[in-house]
Amino acid sequence: MQRGRILIVDDDPLVRDVLSAILSHSGLYETELAGDGLTGIGKVKDGDYDMVFTDLTMPGKSGIDFIREAVKLRPSLPVVVITGNSTLDSAINAMREGAKDFITKPFNIATITSIADRIIGEQRLLSRIDRGDNRDSFIGRLNAELFKRLQEISVLQSLSSELDALYSNKEIYEKIVEMISRLLVVKEVSFGIIEQGMLKIRNAVGVTARESSVAGTLFERVVATGRHTLTPFGEINPHTGLPLTTPFLAVPFTISGEVFGIISLSNKADGATFTDDEVSLALTFAKKAAQRIENNALYEVFYNNLINTLKSLVNSIEARDSYTKQHSERVTTYALKIAEAMRLPAEDKDALRFGGYLHDIGKIGVRDTILLKPGQLTPEETAEINLHPVIGGNIIKPLQFFPKEREIILHHHEHVDGSGYPDRLVGGAIPATARILAVADAYDAMTSSRPYRQTKTRDHAVQELRRCSQTQFDPEVVCAFLQLLG
Ligand SMILES: [Fe+2]
(Lines give C-alpha, C1' and ligand atoms only; values in the text may rest on other atoms or scores of the structure.)
Protein backbone atom coordinates (compact mmCIF):
# COMPACT_ATOMS: atom_id res chain seq x y z
CA MET A 1 0.00 0.00 0.00
CA GLN A 2 1.13 3.50 -0.75
CA ARG A 3 2.62 5.25 2.26
CA GLY A 4 0.75 8.27 3.58
CA ARG A 5 2.53 11.62 3.33
CA ILE A 6 2.29 13.85 6.36
CA LEU A 7 3.50 17.42 6.73
CA ILE A 8 4.53 18.56 10.22
CA VAL A 9 4.65 22.32 10.86
CA ASP A 10 6.12 23.33 14.20
CA ASP A 11 8.78 25.82 15.24
CA ASP A 12 10.04 23.50 17.96
CA PRO A 13 12.56 21.09 16.37
CA LEU A 14 12.08 18.63 19.22
CA VAL A 15 8.33 18.41 18.62
CA ARG A 16 8.91 18.01 14.85
CA ASP A 17 11.44 15.24 15.35
CA VAL A 18 9.41 13.35 17.93
CA LEU A 19 6.25 13.51 15.80
CA SER A 20 8.16 12.47 12.72
CA ALA A 21 9.79 9.56 14.55
CA ILE A 22 6.41 8.37 15.90
CA LEU A 23 4.76 8.52 12.48
CA SER A 24 7.63 7.02 10.49
CA HIS A 25 8.10 4.20 12.97
CA SER A 26 5.04 2.29 11.78
CA GLY A 27 6.38 2.29 8.22
CA LEU A 28 2.96 3.52 7.07
CA TYR A 29 3.86 7.18 6.81
CA GLU A 30 6.57 9.39 5.49
CA THR A 31 6.93 12.88 6.89
CA GLU A 32 8.07 16.25 5.68
CA LEU A 33 8.98 18.99 8.15
CA ALA A 34 8.50 22.75 8.19
CA GLY A 35 9.75 25.08 10.91
CA ASP A 36 7.24 27.88 10.33
CA GLY A 37 3.92 28.69 8.70
CA LEU A 38 5.41 30.29 5.59
CA THR A 39 7.59 27.28 4.77
CA GLY A 40 4.56 25.12 5.54
CA ILE A 41 2.43 26.96 2.97
CA GLY A 42 5.19 26.58 0.37
CA LYS A 43 5.20 22.86 0.95
CA VAL A 44 1.40 22.60 0.80
CA LYS A 45 1.53 24.37 -2.57
CA ASP A 46 4.15 22.05 -4.02
CA GLY A 47 3.59 18.77 -2.26
CA ASP A 48 0.87 16.20 -2.29
CA TYR A 49 0.11 15.49 1.34
CA ASP A 50 -2.50 13.28 2.95
CA MET A 51 -2.60 15.31 6.13
CA VAL A 52 -0.88 18.02 8.15
CA PHE A 53 -0.04 18.43 11.81
CA THR A 54 0.50 22.05 12.80
CA ASP A 55 1.45 23.98 15.89
CA LEU A 56 -0.64 27.09 16.71
CA THR A 57 1.88 29.48 18.22
CA MET A 58 4.81 30.02 15.91
CA PRO A 59 6.88 33.07 15.12
CA GLY A 60 5.89 34.78 11.86
CA LYS A 61 2.77 33.35 10.32
CA SER A 62 0.54 32.01 13.10
CA GLY A 63 -0.89 28.51 13.06
CA ILE A 64 -4.38 29.93 12.49
CA ASP A 65 -3.20 31.87 9.42
CA PHE A 66 -1.42 28.79 8.17
CA ILE A 67 -4.60 26.71 8.50
CA ARG A 68 -6.69 29.36 6.77
CA GLU A 69 -4.32 29.51 3.79
CA ALA A 70 -3.68 25.77 3.62
CA VAL A 71 -7.41 25.00 3.61
CA LYS A 72 -7.94 27.61 0.89
CA LEU A 73 -5.19 26.10 -1.26
CA ARG A 74 -6.21 22.52 -0.68
CA PRO A 75 -9.78 22.30 0.67
CA SER A 76 -9.62 18.54 1.11
CA LEU A 77 -6.34 18.53 3.04
CA PRO A 78 -7.02 17.52 6.64
CA VAL A 79 -5.16 19.65 9.19
CA VAL A 80 -4.75 18.58 12.80
CA VAL A 81 -3.71 21.12 15.39
CA ILE A 82 -1.17 20.44 18.11
CA THR A 83 -1.89 22.77 20.99
CA GLY A 84 0.04 23.34 24.15
CA ASN A 85 -2.67 25.53 25.48
CA SER A 86 -4.50 24.39 28.58
CA THR A 87 -7.69 25.88 27.24
CA LEU A 88 -9.67 24.50 24.37
CA ASP A 89 -10.47 27.91 22.93
CA SER A 90 -7.54 28.08 20.56
CA ALA A 91 -8.20 24.57 19.32
CA ILE A 92 -11.86 25.35 18.75
CA ASN A 93 -10.87 28.51 16.92
CA ALA A 94 -8.63 26.43 14.70
CA MET A 95 -11.48 24.02 14.02
CA ARG A 96 -13.61 26.93 12.97
CA GLU A 97 -10.92 27.86 10.47
CA GLY A 98 -11.05 24.37 9.01
CA ALA A 99 -8.82 22.20 11.20
CA LYS A 100 -10.18 18.69 11.41
CA ASP A 101 -9.11 17.77 14.91
CA PHE A 102 -6.71 18.70 17.63
CA ILE A 103 -4.34 17.07 20.06
CA THR A 104 -2.98 18.60 23.23
CA LYS A 105 0.64 18.60 24.30
CA PRO A 106 2.12 16.55 25.86
CA PHE A 107 0.85 13.94 23.42
CA ASN A 108 1.31 10.22 23.50
CA ILE A 109 2.29 7.84 20.72
CA ALA A 110 -1.06 6.06 20.59
CA THR A 111 -2.99 9.32 20.08
CA ILE A 112 -0.75 10.44 17.23
CA THR A 113 -0.87 7.19 15.31
CA SER A 114 -4.59 6.65 15.85
CA ILE A 115 -5.38 10.16 14.58
CA ALA A 116 -3.18 9.66 11.52
CA ASP A 117 -4.70 6.21 10.84
CA ARG A 118 -8.24 7.52 11.17
CA ILE A 119 -7.80 10.67 9.12
CA ILE A 120 -5.79 9.13 6.33
CA GLY A 121 -8.22 6.19 6.27
CA GLU A 122 -11.09 8.66 5.86
CA GLN A 123 -9.20 10.53 3.15
CA ARG A 124 -8.70 7.37 1.14
CA LEU A 125 -12.32 6.36 1.51
CA LEU A 126 -13.33 9.82 0.38
CA SER A 127 -11.18 9.73 -2.74
CA ARG A 128 -12.47 6.23 -3.58
CA ILE A 129 -16.06 7.39 -3.29
CA ASP A 130 -15.19 10.52 -5.21
CA ARG A 131 -14.13 8.37 -8.11
CA GLY A 132 -16.92 5.83 -7.87
CA ASP A 133 -20.66 5.67 -7.57
CA ASN A 134 -22.96 6.02 -4.61
CA ARG A 135 -22.17 9.67 -4.41
CA ASP A 136 -25.56 10.82 -3.13
CA SER A 137 -25.68 8.53 -0.19
CA PHE A 138 -22.14 9.53 0.59
CA ILE A 139 -23.08 13.21 0.57
CA GLY A 140 -26.04 12.41 2.79
CA ARG A 141 -23.74 10.72 5.25
CA LEU A 142 -21.28 13.56 5.02
CA ASN A 143 -24.02 16.04 5.88
CA ALA A 144 -25.11 14.01 8.86
CA GLU A 145 -21.48 13.77 9.95
CA LEU A 146 -21.05 17.50 9.51
CA PHE A 147 -24.13 18.21 11.58
CA LYS A 148 -22.80 15.96 14.32
CA ARG A 149 -19.42 17.66 14.25
CA LEU A 150 -21.01 21.09 14.46
CA GLN A 151 -23.09 20.00 17.39
CA GLU A 152 -19.99 18.64 19.10
CA ILE A 153 -18.08 21.81 18.44
CA SER A 154 -20.78 23.99 19.93
CA VAL A 155 -20.87 21.73 22.97
CA LEU A 156 -17.12 21.89 23.24
CA GLN A 157 -17.26 25.61 22.94
CA SER A 158 -19.69 26.15 25.76
CA LEU A 159 -17.92 23.47 27.75
CA SER A 160 -14.63 25.14 27.19
CA SER A 161 -15.72 28.57 28.30
CA GLU A 162 -17.78 27.31 31.21
CA LEU A 163 -15.12 24.91 32.44
CA ASP A 164 -12.31 27.38 31.94
CA ALA A 165 -14.00 29.79 34.27
CA LEU A 166 -13.74 27.20 37.03
CA TYR A 167 -10.65 26.51 39.03
CA SER A 168 -11.36 23.84 41.61
CA ASN A 169 -12.05 20.26 40.64
CA LYS A 170 -15.12 20.37 42.87
CA GLU A 171 -16.65 23.11 40.74
CA ILE A 172 -15.75 21.20 37.60
CA TYR A 173 -17.52 18.08 38.89
CA GLU A 174 -20.62 20.12 39.64
CA LYS A 175 -20.50 21.63 36.17
CA ILE A 176 -20.14 18.22 34.53
CA VAL A 177 -23.37 16.99 36.09
CA GLU A 178 -25.23 20.20 35.41
CA MET A 179 -24.17 20.42 31.78
CA ILE A 180 -24.77 16.81 30.92
CA SER A 181 -28.25 16.79 32.43
CA ARG A 182 -29.00 19.94 30.46
CA LEU A 183 -27.51 18.66 27.19
CA LEU A 184 -29.04 15.24 27.12
CA VAL A 185 -32.18 16.11 29.07
CA VAL A 186 -31.92 13.32 31.58
CA LYS A 187 -33.44 13.29 35.04
CA GLU A 188 -30.74 11.18 36.70
CA VAL A 189 -27.07 12.00 36.31
CA SER A 190 -24.16 11.22 38.56
CA PHE A 191 -20.48 11.80 38.47
CA GLY A 192 -18.40 9.60 40.72
CA ILE A 193 -14.76 8.73 41.24
CA ILE A 194 -13.46 5.19 41.45
CA GLU A 195 -11.56 4.58 44.66
CA GLN A 196 -10.62 1.13 45.96
CA GLY A 197 -13.37 -0.64 44.10
CA MET A 198 -16.02 1.87 45.14
CA LEU A 199 -17.76 4.49 43.04
CA LYS A 200 -17.84 7.58 45.25
CA ILE A 201 -20.37 10.08 44.00
CA ARG A 202 -19.02 13.61 43.84
CA ASN A 203 -22.08 15.22 42.34
CA ALA A 204 -25.49 14.04 41.21
CA VAL A 205 -28.94 15.03 40.10
CA GLY A 206 -31.80 12.62 40.82
CA VAL A 207 -29.42 9.98 42.21
CA THR A 208 -29.46 9.57 45.99
CA ALA A 209 -26.74 6.90 46.42
CA ARG A 210 -23.50 8.37 47.80
CA GLU A 211 -21.24 5.42 47.16
CA SER A 212 -21.50 1.85 45.98
CA SER A 213 -19.23 -1.07 45.26
CA VAL A 214 -18.59 -1.56 41.55
CA ALA A 215 -18.07 -5.32 41.96
CA GLY A 216 -20.61 -7.33 40.00
CA THR A 217 -22.31 -4.23 38.56
CA LEU A 218 -22.31 -2.77 35.07
CA PHE A 219 -19.83 -0.19 36.38
CA GLU A 220 -17.32 -3.02 36.76
CA ARG A 221 -17.50 -3.59 32.99
CA VAL A 222 -16.88 0.09 32.33
CA VAL A 223 -13.83 0.11 34.61
CA ALA A 224 -12.46 -3.12 33.15
CA THR A 225 -12.90 -2.23 29.49
CA GLY A 226 -12.58 1.56 29.61
CA ARG A 227 -15.64 1.65 27.32
CA HIS A 228 -19.13 2.98 27.85
CA THR A 229 -22.13 0.71 28.28
CA LEU A 230 -25.67 1.42 27.25
CA THR A 231 -27.87 -0.94 29.12
CA PRO A 232 -31.49 -1.60 28.22
CA PHE A 233 -34.18 -2.55 30.68
CA GLY A 234 -33.72 -5.65 32.76
CA GLU A 235 -30.27 -5.16 34.19
CA ILE A 236 -29.70 -3.90 37.71
CA ASN A 237 -29.35 -0.20 38.39
CA PRO A 238 -25.97 -0.04 40.16
CA HIS A 239 -27.06 2.96 42.23
CA THR A 240 -30.21 1.40 43.64
CA GLY A 241 -29.71 -2.36 43.26
CA LEU A 242 -33.16 -2.52 41.65
CA PRO A 243 -33.96 -3.61 38.07
CA LEU A 244 -33.65 -0.79 35.56
CA THR A 245 -36.85 0.71 34.23
CA THR A 246 -35.20 3.08 31.74
CA PRO A 247 -32.04 2.79 29.59
CA PHE A 248 -28.86 3.46 31.55
CA LEU A 249 -25.74 4.95 30.02
CA ALA A 250 -22.42 4.68 31.88
CA VAL A 251 -19.52 6.64 30.42
CA PRO A 252 -15.93 6.26 31.62
CA PHE A 253 -14.01 9.33 32.68
CA THR A 254 -10.49 8.45 31.63
CA ILE A 255 -7.31 10.17 32.74
CA SER A 256 -3.92 8.97 31.50
CA GLY A 257 -5.47 5.78 30.14
CA GLU A 258 -7.12 4.82 33.45
CA VAL A 259 -10.79 4.95 34.33
CA PHE A 260 -10.77 7.60 37.01
CA GLY A 261 -14.50 8.09 37.31
CA ILE A 262 -17.86 7.28 35.75
CA ILE A 263 -20.66 9.48 34.55
CA SER A 264 -24.01 7.74 34.70
CA LEU A 265 -27.10 8.92 32.86
CA SER A 266 -30.59 7.53 33.02
CA ASN A 267 -34.25 8.37 32.92
CA LYS A 268 -34.42 10.55 29.84
CA ALA A 269 -37.10 13.19 30.04
CA ASP A 270 -38.67 12.01 26.77
CA GLY A 271 -38.69 8.39 28.00
CA ALA A 272 -36.77 7.22 24.92
CA THR A 273 -33.42 5.52 24.70
CA PHE A 274 -30.14 7.26 23.95
CA THR A 275 -29.48 7.77 20.25
CA ASP A 276 -26.04 7.15 18.75
CA ASP A 277 -25.52 10.88 18.50
CA GLU A 278 -26.36 11.39 22.14
CA VAL A 279 -23.98 8.64 23.21
CA SER A 280 -21.28 10.20 21.06
CA LEU A 281 -22.00 13.59 22.59
CA ALA A 282 -21.72 12.18 26.10
CA LEU A 283 -18.43 10.48 25.19
CA THR A 284 -16.99 13.65 23.70
CA PHE A 285 -18.12 15.58 26.72
CA ALA A 286 -16.51 13.10 29.13
CA LYS A 287 -13.30 13.12 27.11
CA LYS A 288 -13.00 16.88 27.05
CA ALA A 289 -13.95 17.33 30.70
CA ALA A 290 -11.39 14.68 31.66
CA GLN A 291 -8.77 16.56 29.68
CA ARG A 292 -9.67 19.69 31.59
CA ILE A 293 -9.26 17.90 34.92
CA GLU A 294 -6.03 16.29 33.78
CA ASN A 295 -4.66 19.61 32.61
CA ASN A 296 -5.73 21.10 35.89
CA ALA A 297 -3.86 18.42 37.78
CA LEU A 298 -0.73 18.76 35.63
CA TYR A 299 -0.87 22.50 35.87
CA GLU A 300 -1.36 22.39 39.62
CA VAL A 301 1.63 20.12 40.15
CA PHE A 302 3.77 22.23 37.87
CA TYR A 303 2.53 25.50 39.34
CA ASN A 304 2.93 24.36 42.94
CA ASN A 305 6.46 23.08 42.37
CA LEU A 306 7.44 26.29 40.73
CA ILE A 307 5.80 28.45 43.36
CA ASN A 308 7.54 26.52 46.11
CA THR A 309 10.91 26.94 44.45
CA LEU A 310 10.38 30.63 43.91
CA LYS A 311 8.98 31.12 47.40
CA SER A 312 12.07 29.62 48.93
CA LEU A 313 14.08 32.02 46.80
CA VAL A 314 12.04 34.92 48.17
CA ASN A 315 12.45 33.58 51.70
CA SER A 316 16.19 33.54 51.20
CA ILE A 317 16.08 37.21 50.16
CA GLU A 318 13.94 38.11 53.12
CA ALA A 319 16.21 36.13 55.43
CA ARG A 320 19.05 38.45 54.41
CA ASP A 321 17.05 41.37 55.62
CA SER A 322 15.43 40.83 58.98
CA TYR A 323 13.37 44.00 58.55
CA THR A 324 11.44 42.71 55.57
CA LYS A 325 10.66 39.26 56.96
CA GLN A 326 7.28 38.09 55.73
CA HIS A 327 6.85 41.40 53.91
CA SER A 328 5.94 39.62 50.67
CA GLU A 329 3.46 37.42 52.46
CA ARG A 330 1.69 40.37 54.09
CA VAL A 331 1.71 42.36 50.86
CA THR A 332 0.13 39.43 49.03
CA THR A 333 -2.58 39.14 51.66
CA TYR A 334 -3.43 42.85 51.42
CA ALA A 335 -3.32 42.81 47.63
CA LEU A 336 -5.68 39.83 47.40
CA LYS A 337 -8.15 41.50 49.73
CA ILE A 338 -8.11 44.65 47.60
CA ALA A 339 -8.49 42.60 44.41
CA GLU A 340 -11.45 40.83 45.96
CA ALA A 341 -13.06 44.13 47.00
CA MET A 342 -12.49 45.55 43.52
CA ARG A 343 -13.93 42.39 41.96
CA LEU A 344 -10.93 41.65 39.78
CA PRO A 345 -11.25 38.52 37.61
CA ALA A 346 -10.01 35.21 39.04
CA GLU A 347 -6.97 35.16 36.77
CA ASP A 348 -5.81 38.52 38.13
CA LYS A 349 -6.21 37.24 41.67
CA ASP A 350 -4.18 34.17 40.77
CA ALA A 351 -1.51 36.40 39.30
CA LEU A 352 -1.42 38.43 42.53
CA ARG A 353 -1.19 35.32 44.67
CA PHE A 354 2.04 34.41 42.90
CA GLY A 355 3.24 37.82 41.77
CA GLY A 356 2.70 39.27 45.25
CA TYR A 357 5.14 36.81 46.75
CA LEU A 358 7.63 37.44 44.02
CA HIS A 359 7.32 41.20 43.56
CA ASP A 360 10.72 41.91 45.09
CA ILE A 361 12.48 38.82 43.76
CA GLY A 362 14.78 41.11 41.77
CA LYS A 363 16.34 42.24 45.06
CA ILE A 364 18.35 39.05 44.83
CA GLY A 365 20.53 41.04 42.46
CA VAL A 366 21.00 43.98 44.86
CA ARG A 367 24.09 43.99 47.04
CA ASP A 368 23.67 43.47 50.81
CA THR A 369 25.61 46.65 51.57
CA ILE A 370 22.91 48.64 49.80
CA LEU A 371 19.90 46.52 50.68
CA LEU A 372 20.77 46.56 54.40
CA LYS A 373 22.23 50.08 54.61
CA PRO A 374 20.74 51.84 57.63
CA GLY A 375 21.33 55.44 56.52
CA GLN A 376 20.36 57.52 53.53
CA LEU A 377 21.13 56.00 50.12
CA THR A 378 23.28 57.82 47.57
CA PRO A 379 21.70 58.49 44.16
CA GLU A 380 23.80 55.61 42.70
CA GLU A 381 22.61 53.26 45.41
CA THR A 382 19.02 54.30 44.85
CA ALA A 383 19.47 53.66 41.14
CA GLU A 384 20.77 50.18 41.91
CA ILE A 385 17.84 49.35 44.19
CA ASN A 386 15.45 50.73 41.58
CA LEU A 387 16.67 48.10 39.14
CA HIS A 388 14.98 45.34 41.13
CA PRO A 389 11.69 45.31 39.15
CA VAL A 390 13.60 44.87 35.89
CA ILE A 391 15.90 42.21 37.37
CA GLY A 392 12.83 40.42 38.77
CA GLY A 393 11.08 40.64 35.41
CA ASN A 394 14.12 39.06 33.78
CA ILE A 395 14.23 36.26 36.33
CA ILE A 396 10.65 35.25 35.56
CA LYS A 397 10.82 35.97 31.81
CA PRO A 398 11.87 32.47 30.73
CA LEU A 399 8.72 31.15 32.44
CA GLN A 400 6.43 32.11 29.61
CA PHE A 401 3.43 30.82 31.51
CA PHE A 402 3.34 33.79 33.83
CA PRO A 403 2.94 36.98 31.80
CA LYS A 404 0.54 38.57 34.29
CA GLU A 405 2.78 37.79 37.24
CA ARG A 406 5.68 39.33 35.35
CA GLU A 407 3.70 42.54 34.81
CA ILE A 408 3.21 42.84 38.58
CA ILE A 409 6.90 42.36 39.28
CA LEU A 410 7.94 44.76 36.55
CA HIS A 411 5.47 47.55 37.31
CA HIS A 412 4.90 47.56 41.07
CA HIS A 413 6.90 50.81 41.40
CA GLU A 414 5.14 52.74 38.64
CA HIS A 415 3.22 55.84 39.78
CA VAL A 416 -0.13 56.76 38.26
CA ASP A 417 1.22 60.24 37.39
CA GLY A 418 4.04 58.68 35.37
CA SER A 419 6.83 59.52 37.83
CA GLY A 420 7.58 55.91 38.80
CA TYR A 421 9.92 53.29 37.38
CA PRO A 422 11.04 51.43 35.31
CA ASP A 423 8.78 52.48 32.40
CA ARG A 424 7.16 55.68 33.74
CA LEU A 425 3.77 54.27 32.84
CA VAL A 426 0.75 56.49 33.48
CA GLY A 427 -2.64 55.63 35.04
CA GLY A 428 -4.51 52.85 33.31
CA ALA A 429 -1.42 51.86 31.34
CA ILE A 430 -0.17 50.33 34.60
CA PRO A 431 -1.80 46.91 35.01
CA ALA A 432 -4.52 46.96 37.70
CA THR A 433 -2.72 44.19 39.58
CA ALA A 434 0.46 46.28 39.77
CA ARG A 435 -1.51 49.34 40.91
CA ILE A 436 -3.01 47.23 43.69
CA LEU A 437 0.32 45.77 44.70
CA ALA A 438 1.88 49.24 44.86
CA VAL A 439 -0.62 50.32 47.53
CA ALA A 440 -0.28 47.08 49.52
CA ASP A 441 3.51 47.29 49.29
CA ALA A 442 3.68 50.93 50.42
CA TYR A 443 1.33 50.37 53.35
CA ASP A 444 3.28 47.38 54.61
CA ALA A 445 6.59 49.16 54.12
CA MET A 446 5.33 52.08 56.20
CA THR A 447 3.87 50.00 58.99
CA SER A 448 6.77 47.55 59.31
CA SER A 449 10.22 48.76 60.21
CA ARG A 450 12.86 49.34 57.57
CA PRO A 451 16.56 50.09 58.06
CA TYR A 452 16.22 53.47 56.41
CA ARG A 453 13.10 54.74 58.09
CA GLN A 454 11.14 54.53 61.28
CA THR A 455 7.93 52.60 61.42
CA LYS A 456 4.96 54.86 60.91
CA THR A 457 1.73 54.46 62.80
CA ARG A 458 -1.25 53.06 61.01
CA ASP A 459 -2.92 56.47 61.00
CA HIS A 460 0.13 58.09 59.50
CA ALA A 461 0.34 55.39 56.81
CA VAL A 462 -3.32 55.95 55.94
CA GLN A 463 -2.67 59.69 55.71
CA GLU A 464 0.28 59.05 53.39
CA LEU A 465 -1.80 56.82 51.10
CA ARG A 466 -4.43 59.56 50.94
CA ARG A 467 -1.84 62.25 50.29
CA CYS A 468 -0.25 60.31 47.43
CA SER A 469 -3.54 59.11 45.97
CA GLN A 470 -3.78 60.36 42.37
CA THR A 471 -0.04 61.07 42.13
CA GLN A 472 1.66 57.87 43.22
CA PHE A 473 -1.34 55.62 43.77
CA ASP A 474 -4.52 54.79 41.93
CA PRO A 475 -7.25 56.58 43.94
CA GLU A 476 -9.69 53.74 43.37
CA VAL A 477 -7.27 51.23 44.87
CA VAL A 478 -6.51 53.51 47.82
CA CYS A 479 -10.23 53.95 48.40
CA ALA A 480 -10.86 50.19 48.35
CA PHE A 481 -7.94 49.56 50.69
CA LEU A 482 -8.94 52.24 53.20
CA GLN A 483 -12.43 50.79 53.29
CA LEU A 484 -10.92 47.41 54.08
CA LEU A 485 -8.81 48.87 56.86
CA GLY A 486 -12.03 50.29 58.26
FE1 LIG B 1 9.73 46.54 45.26
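A nonpolar core is a set of buried Ala, Val, Leu, Ile, Met, Phe, Trp, Tyr and Cys residues joined through side-chain atoms within 4.5 Å. Keep that in mind for the first stop, and remember that what you have open is a predicted model.

**Stop 1: the largest core.** Select L352, I436, V439, L465, F473 and F481. Out of the 28 residues in the largest nonpolar core, these touch the most other members. Now colour the helices α10 (327-341), α11 (346-358), α16 (432-447), α17 (458-468) and α18 (475-485), since each of them supplies at least two residues of this core. Which helix gives the largest share? That's α16, with eight residues.

Zoom in on L352 next. Skip its neighbours within four places in sequence, and you'll find L352 in contact with T332, A335, L336, A339, Y357, I408, T433, I436 and L437.

**Stop 2: a second core.** There's another, separate core, this one of 27 residues; pick out L166, M179, F191 and A290, which are among its members. Hang on to F191, as we'll use it again.

**Stop 3: aromatic pairs.** Searching the whole structure turns up seven aromatic pairs. Show the rings of F191 and F253: their centres sit 4.8 Å apart and their planes make an angle of 75 degrees, so this pair is edge-to-face. Follow the backbone from each ring and you'll see distant parts of the chain being linked: F191 belongs to strand β6 (residues 186-195) and F253 to strand β10 (residues 248-255), 62 residues apart. Buried or exposed? F191 is buried, at 0% relative accessibility, and F253 is buried at 0% too.

Slide over to F219 and F248. Here the centres are 6.1 Å apart and the planes are at 50 degrees, so the pair counts as tilted. F219 is in helix α8 (residues 218-225) and F248 in strand β10, so parts 29 residues apart in sequence are tied together. Both of these residues are buried.

Before moving on, add Y173 and F260 to F191 and F253: ring pairs link the four into a cluster.

**Stop 4: the iron ion.** Select the iron ion along with D360, H388, H412 and H413. These are its protein donors, through OD of D360 and NE2 of each histidine, at 2.1 to 2.3 Å. What is the arrangement of the four donor atoms? Their angles run from 83 to 169 degrees, which makes it irregular. Along the chain, the donors have the spacing D-x27-H-x23-H-H.

To finish, trace D360 to the loop between α11 and α12 (368-371), and H413 to the loop between α15 (403-411) and α16, 53 residues apart. D360 counts as buried at 9% relative accessibility, and so does H413 at 19%.

Note on methods
Residues numbered from 1 in each chain as written. Predicted model: local features only at pLDDT ≥ 70, side-chain atom pairs only at ≥ 80, totals over all residues. Heavy atoms only, no water. Phe/Tyr/Trp six-rings, centres within 6.5 Å; stacked < 30°, edge-to-face > 60°. Helix = DSSP H or I, 4+ residues; strand = E, 2+ residues; numbered from the N terminus. Buried < 20%, exposed > 50% of the residue type's maximum accessible area, 1.4 Å probe, protein only. Contact = heavy atoms within 4.5 Å. Donors = N, O, S within 2.8 Å, 3.2 Å for Na, K, Ca; no water. Tetrahedral: all angles 85-135°; square planar, octahedral: opposite > 155°, others 65-115°.
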